[in-house]
Structures are given as structure tokens and as C-alpha cells.
Amino acid sequence: MQAPDSASSSTTAQPFPTVAVVGLGTMGAGVAVAIARSGRRVIGIEANAAGAARALARIEAATAHAVERERLTAEERTALLALIGVGAQLDAAAAADLVIEEIPEQLELKRDLFAELDKICPPHTVLATGTTSLSVTRIAAATGRPDRVLGLHFFNPVHAMKLVEVVRTVLTAGQVAEEAAGFARSLGKEPVAAGDRAGFVVNGLLFAYLNQAAAMYESKYATREDIDAAMRLGCGLPMGPLALLDLIGVDTARTVLEAMYEQSRDRLHAPAPILGQLVAAGLLGRKTGRGFYTYEAPGSSKVVAEPGAGTVARTAGRAVERVGVCGSGTMATGIAEVFAKAGYQVTLVARSQEKADRAKSQLARSLARSVEKGRLTEEQREAALALVTPAAQLTDLAEADLVLEAVAEDLAVKRELFATLDKICRPGAVLATTTSSLPVISCATATGRPRDVVGMHFFNPAPAMKLVEVVSTVLTAPDVTATVLEVCARVRKHPVECGDRAGFIVNALLFPYLNDAVRMLEEHYATVDDIDTAMKLGCGYPMGPFELLDVVGLDVSLTIERVLHQEFREPGLAAAPLLEHLVAAGCLGRKTGRGFRDHARR
Ligand SMILES: NC(=O)c1ccc[n+]([C@@H]2O[C@H](COP(=O)([O-])OP(=O)(O)OC[C@H]3O[C@@H](n4cnc5c(N)ncnc54)[C@H](O)[C@@H]3O)[C@@H](O)[C@H]2O)c1
């Protein structure tokens with residue numbers, strides 16, 4: 001064993017002055033470096049001499065890379081390496097105050113190790129497992145000190161990810177969990193408390209969503225590119241779910257889901273069959289060069305086309321010059337702005353001339369803001385504004401090539417509007433609904449020309465959000481879908497194509513995840529703040545689920561969840577009772593000052 005620097009920090013007041021890390025692979029090496037960076041002595045232990053040599057090389061390479069990236073100076077690296085000793089004798093763990101296990105994810109392997117450590121280490125030593133999906137309780141039960149056993153779940157890559165889930169079993173002493181949280185903080189990490197259940201907070205919420213995305217792809221509801229683009233552009237997520245599955249490893253994801261299903265018996269956790277097929281075929285994701293996507297080489301992040309994949313010839317769309325927008329709310333105004341900025345003639349029809357004029361003033365203000373922010377020139381603003389004609393009569397849409405409705409989210413209102421448009425609009429005009437939760441086909445059948453009706457689901461605020469879900473019904477003509485796709489390109493939006501079912505792509509994947517978060521809270525598994533922090537730091541999400549629910553509105557969220565449940569009848573999609581109670585109590589989120597958080601007091 002290489003001797004660690006004798007000038008260890010055992011005299012400091014830091015929790016756990018000496019830490020052993022057992023297993024120095026992907027996670028263990030990262031954890032060892034993070035601990036040494038806090039000035040602590042690290043006893044690194046591998047399975048054998050060859051493993052120890054590989055581990056040392058891994059740590060040296062990782063720290064050299066950190067120097068190249070200027071995350072560390074050369075001097076700091078030297079000092080840090082002096083604090084890390086690496087050997088192959090488990091007995092060395094006897095000198096540690098805390099032992100962190102980071103060996104492969106197999107229960108028997110981990111239980112055997114903990115039984116050994118229990119014999120080797122003095123009674124005060126805390127034993128932590130780095131498991132992702134195994135039961136911490138079962139691992140603790142292999143020792144005679146379950147009160148001093150817990151989970152410390154770091155995220156990969158350890159140097160970049162600030163989150164650590166501190167997992168308490170029913171037997172873990174409160175003080176031990178607190179010390180472990182303090183230890184995580186002393187590494188510059190953010191600890192969140194979690195109980196012992198498969199997936200803990202982050203993976204528990206993340207993997208259910210990834211599984212639904214895999215199932216959505218498997219059912220051919222949308223392409224892999226469209227599913228990924230929808231979640232990136234519609235929710236601001238750093239990666240699409242299928243690309244993320246490839247990064248995590250399809251095999252790892254399947255293992256985590258199996259463990260979750262084992263505990264929850266929730267069908268939404270049962271690994272999508274496609275995951276099993278990919279694993280059986282050895283298509284494990286980036287690490288093998290192919291998973292949902294094909295990569296340039298194993299380990300590469302560069303996606304390449306599959307050999308033999310050609311582009312499919314598309315039907316040409318219909319010509320669109322004049323656009324009609326029905327409605328005077330946020331979406332209608334935003335959509336009118338998008339079209340006017342792209343040079344289309346826009347007739348904005350509201351229920352009265354006054355409302356239409358007000359919508360145009362709103363649009364003018366939005367354009368002026370864009371000029372202030374330097375996104376638009378004065379000439380462009382004037383040109384766009386001149387293209388918008390506010391009107392109070394639907395008959396003004398007689399010559400429009402494309403009409404989009406963004407009126408109230410009420411099927412009766414929309415059907416009546418479509419029936420009127422059917423009488424007014426010229427033959428061949430494309431009629432689009434922007435509904436987010438109603439069936440497009442129900443709008444289509446209110447007309448005598450259902451082939452010309454399509455869904456165009458914009459996101460709020462329409463001028464800023466790049467995504468449009470293009471929804472074709474079973475009756476939509478191919479050249480109508482093509483028209484809308486071409487129009488999206490002209491207005492510089494990113495279209496994704498999907499069928500006419502509840503939630504389309506984004507809401508069908510987003511809202512079950514939000515509902516799972518509410519259920520997690522309801523079960524007192526973790527707090528609002530811990531869940532939000534965990535998802536932001538563990539997954540790089542722009543907002544935590546409760547922040548998002550409060551912004552979207554709890555009533556709006558509940559409606560979407562009910563629609564999803566009604567459509568798929570999946571028990572796991574039933575809205576969490578806590579959400580129903582909050583809505584019943586008038587706690588609707590930011591708009592009423594209170595939702596999951598109290599905004600009035602802030
Ligand atoms: N990779 C990730 O993204 C990630 C993220 C969070 C948590 N985890 C969890 O962290 C743990 C480690 O995962 P990993 O990805 O680092 O695995 P890995 O395969 O990269 O590393 C495991 C290391 O343990 C060593 N080892 C095996 N048996 C040993 C023993 N008896 N004594 C000492 N060393 C032994 C191996 O030689 C190897 O170096 C697992 O429980 C995993 O679920 C992984």
C-alpha cells in the first residue's frame with residue numbers, strides 16, 4: 001500500500017477526518033478525489049493489486065485532466081495525490097472513521113463486504129454504501145451495527161455533480177445521518193435526506209419518466225429524435241430521455257427499474273420491453289456504441305446515422321401566405337406575433353373589435369420589448385406590426401390559407417368555432433387547433449372537412465419557446481401535416497410530430513413525473529425543498545417539480561393529469577390526492593399566492 005501523507009487532518013473538527021473508499025472504479029475514484037480535496041486522508045482499497053494499480057492510474061489521469069481544465073493547480077494536485085493511498089488490503093479500513101463502499105452493484109458482493117468491514121473496523125466507524133438501487137437496509141443487516149450504516153449516493157461525474165443523497169434506513173441513528181450530511185457539505189456538496197427505497201429521490205422520479213419515454217418510442221408514437229427534442233425544447237431539460245438512457249447505460253437503467261418495480265409493483269416502473277431487447281442485443285448505449293442511437297464508436301457521444309438509413313420522401317405542403325388567428329389571450333397574441341415576425345399577413349380575430357385591438361396592443365408591447373433587448377430592429381418591429389389586422393368577424397378569415405384557433409380550452413367552444421370556420425373558410429384552407437388537452441379529432445369532426453384539421457401545440461410564451469407539437473389525427477391529410485411542418489420551419493420553430501392522444505409527447509411525459517413527485521411528498525418520503533433541490537442538482541433540471549407545479553398552476557396540472565388518467569387508465573397515473581386537496585382548498589400556485597410553497601410571504 002502506498003503510504004498516505006502523514007500530515008493528515010485527523011486533528012481538525014471536520015466530521016470523519018479519515019475516510020476509506022472501497023472500490024475505486026468510476027464512482028469510487030471520483031469520491032476519493034473529492035474527499036482528498038477537502039484535506040482529508042483517503043484510504044483507497046481495491047480488490048487486488050492489479051485493481052489498485054488501475055485505480056491509481058485512474059486517479060492520476062482524472063486529476064491531470066482537472067489540471068488541464070484548470071479546475072486544479074499542479075501544486076494542489078500533488079498535495080491531493082499525497083493524501084490518497086491505494087492498496088488491496090481491506091484491513092487498512094480499520095484506520096478510517098467512515099468507510100464508503102463503491103464496488104459493483106450486486107447485493108451479495110456488498111453484503112459480504114459489509115460483514116467483513118464490520119469485523120475489521122472499530123465500533124465507532126460509520127459504514128456507507130454507494131448503491132444506486134439496492135436495499136441499504138439489507139446491506140446494513142449484514143453487520144452488527146445497522147445504526148451506523150447508511151447510503152451516500154453520489155452522482156456521476158462526482159467532481160461536477162453537487163448532489164449527495166444521504167439515505168437513512170429505519171435503523172440508522174439520526175446523529176449518524178446528520179454527520180454524514182455535514183461530511184457531504186464539507187466536500188462542497190448539497191446533501192438531501194432520503195429514506196431507503198429503490199431509486200431514492202432522484203432516480204425514483206427520473207427512471208419512471210425515462211421508462212415512459214422508452215415505452216412511447218417503442219409504441220412508435222413518435223420518433224426518438226422528436227421525443228428527445230420535445231423534452232429539451234418543451235421543458236428545458238439538458239438532454240432528451242432516450243439520449244440520457246444511452247448515456248446512463250440501458251442495462252443500468254433496466255436494473256434500477258427492476259428494483260423499483262420489485263418494491264412498488266407499479267406497472268409504470270416495469271422496464272419497457274424495448275430495454276430488455278436492447279440489453280439482450282448488447283446495445284447498451286454510448287458505452288457499446290449503440291443503444292437508442294448509434295454512435296461513431298464505443299464511448300463516443302457523436303451520433304451517426306444507422307447504416308442503410310435513408311431519408312423518407314415527404315408529400316409537399318399547401319401554399320400559405322395569409323394566416324388567421326382566433327382568440328385574444330396570451331397564446332393567440334403570442335402566436336400572431338410569431339407569424340407576423342416571419343412575414344405572414346395575420347388577421348387576429350377576437351370576440352369584439354375592442355378585444356382584438358387590445359390583443360394587437362399587447363403584441364405591439366411584446367415587439368417593443370424585443371427591440372429593447374436588441375432581438376429585433378425598429379424596422380422589423382414596424383414591418384411585423386403592419387402585417388397584423390385586428391378584426392371582430394370570423395368572416396374576415398374567408399381567404400386565409402391557415403387558421404389557428406387559441407380560444408378557451410373548452411371542447412364545446414372549440415367545436416362551435418370549427419363548425420363556423422367550416423362555413424367561412426375557403427376550400428383547402430388548413431385549420432389548426434392549439435389545444436393542449438382536448439382531442440384534435442373532436443375539433444375535426446365539427447367540420448365537414450376533417451382531413452384539413454390538425455393540431456399545432458405551441459408552448460408558452462409562444463414567441464420564445466421553440467417547440468411545436470404537430471398533431472395529426474387518424475383523418476388528417478398528409479399534405480396538411482406537411483403544410484404545418486413547412487410553416488413551422490418558416491416561423492423558425494422546431495416541430496415534432498405525434499398522434500392525437502392525451503398529453504401528446506411533452507405533457508404525457510412531464511405530468512406523470514410531477515404527479516410522482518407529489519406522491520413522494522404525500523408519503524413523507526422527502527420534503528418539497530429536498531425534492532426540488534435533488535432534481536435540479538441531480539438532473540440539471542431548470543426547476544424542481546414543485547417550483548414547476550406552482551408556476552404552471554395546480555388546477556391546470558390536475559386537469560392534465562385527469563385527462564391522462566382518463567385516456568390511459570393506468571392506475572399509476574391517477575392524480576395524487578394531495579394535489580386534489582390543494583386545488584379544492586384554492587391553493588393553485590403562484591397565481592393565488594399559495595401552492596406547494598407560500599409565495600405571499602416571500
Ligand atoms: N456509475 C454511475 O453513474 C453511478 C452513479 C451513482 C452510484 N453508482 C453506484 O456506485 C457503485 C460503484 O459503481 P461504479 O460505476 O463506480 O462501478 P465500477 O465497476 O466502475 O467500479 C467498481 C470498482 O470496484 C472494484 N471492486 C470490485 N470488488 C471489490 C472488492 N471486493 N473490494 C474492493 N474493490 C472491489 C472493481 O475493481 C472496480 O474498480 C455501484 O453501487 C453503483 O450502483 C454508480
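The following exercises work through the ligand shell, salt bridges and overall form of a predicted model.

Residues are numbered from 1 along each chain as its sequence is written, and side-chain values use heavy atoms, with hydrogens and water left out. In this predicted model, local features need pLDDT of at least 70 and side-chain atom pairs count only at pLDDT 80 or more, while totals for chains, interfaces and linings use all residues.

**Exercise 1. The whole protein**

Task: State how many helices and strands the protein has, and describe its extent, burial and contacts.

Solution.
Step 1. The protein contains 22 helices and 18 strands. Both are DSSP runs numbered from the N terminus, helices being H or I with at least four residues and strands E with at least two.
Step 2. The C-alpha trace spans about 85 × 55 × 50 Å along its principal axes.
Step 3. Of the 602 residues, 53% are buried. The classes rest on relative accessible area: buried is under 20%, exposed is over 50%, and partly exposed lies in between (1.4 Å probe, protein chains only).
Step 4. The exposed area is about 25500 Å², and carbon and sulfur atoms supply 53% of it. Accessible areas come from the Shrake-Rupley method with a 1.4 Å probe; for residues, only the protein chains shown count as cover.
Step 5. Among contacts (heavy atoms within 4.5 Å) with a separation of 6 or more, 69% join residues 24 or more positions apart.

**Exercise 2. The ligand shell**

Task: Find which residues are closest to the ligand, and list polar contacts that the ligand makes.

Solution.
Step 1. The ligand is surrounded by 20 residues, the closest being Thr26, Met27, Glu46, Glu105 and Lys110. A residue counts as near if one of its heavy atoms lies within 4 Å.
Step 2. By class, the shell holds 8 nonpolar, 8 polar and 4 charged residues. Here Ala, Val, Leu, Ile, Met, Phe, Trp, Tyr, Cys and Pro are nonpolar, Asp, Glu, Lys and Arg are charged, and the others, Gly among them, are polar.
Step 3. A polar contact is a pair of N or O atoms within 3.5 Å; within protein, one must be able to donate a hydrogen and the other to accept it, and residues adjacent in sequence count only if both atoms are side-chain atoms. A ligand oxygen lies 2.6 Å from a side-chain N or O atom of Glu46. A ligand nitrogen is 3.3 Å from a polar backbone atom of Ala47. With Thr132, the distance from a ligand oxygen to a side-chain N or O atom is 3.0 Å.
Step 4. The protein covers 73% of the 830 Å² of accessible area that the ligand has on its own. Two elements, α1 (26–37) and β6 (149–154), give two or more residues to the shell.

**Exercise 3. Salt bridges**

Task: Give the count of salt bridges, then place the pairs of Lys341, Glu547 and Asp401 in the chain.

Solution.
Step 1. A salt bridge is a side-chain nitrogen of Lys or Arg within 4 Å of a carboxyl oxygen of Asp or Glu. The count by this rule is 30. Glu101, Glu105 and Lys110 are linked in a network of such bridges.
Step 2. Lys341 pairs with Glu337, with closest N and O atoms 3.0 Å apart. The two are 4 residues apart in helix α12 (residues 330–341), so about one helical turn separates them. Lys341 is partly exposed at 31% relative accessible area, whereas Glu337 is buried at 2%.
Step 3. Glu547 and Lys536 meet at 2.8 Å, N to O, in a salt bridge. Glu547 belongs to helix α20 (residues 545–552) and Lys536 to helix α19 (residues 528–539), so the bridge ties together parts 11 residues apart in sequence.
Step 4. Asp401 and Arg426 form a salt bridge with closest N and O atoms 2.8 Å apart. This pair links distant parts of the chain, 25 residues apart: Asp401 in the loop between β13 (388–391) and β14 (402–405), and Arg426 in the loop between α15 (411–424) and β15 (430–433). Asp401 is buried at 6% relative accessibility, and Arg426 is partly exposed at 25%.

**Exercise 4. The surroundings of Arg322**

Task: Locate Arg322 and name its contacts beyond four places in sequence.

Solution.
Step 1. Arg322 lies in strand β11 (residues 322–326) and is partly exposed, with 38% relative accessible area.
Step 2. Leaving aside neighbours within four places in sequence, Arg322 contacts Gln345, Glu399, Ala400, Asp401 and Leu402.
Step 3. A polar side-chain atom of Arg322 lies 3.5 Å from the backbone oxygen of Glu399.
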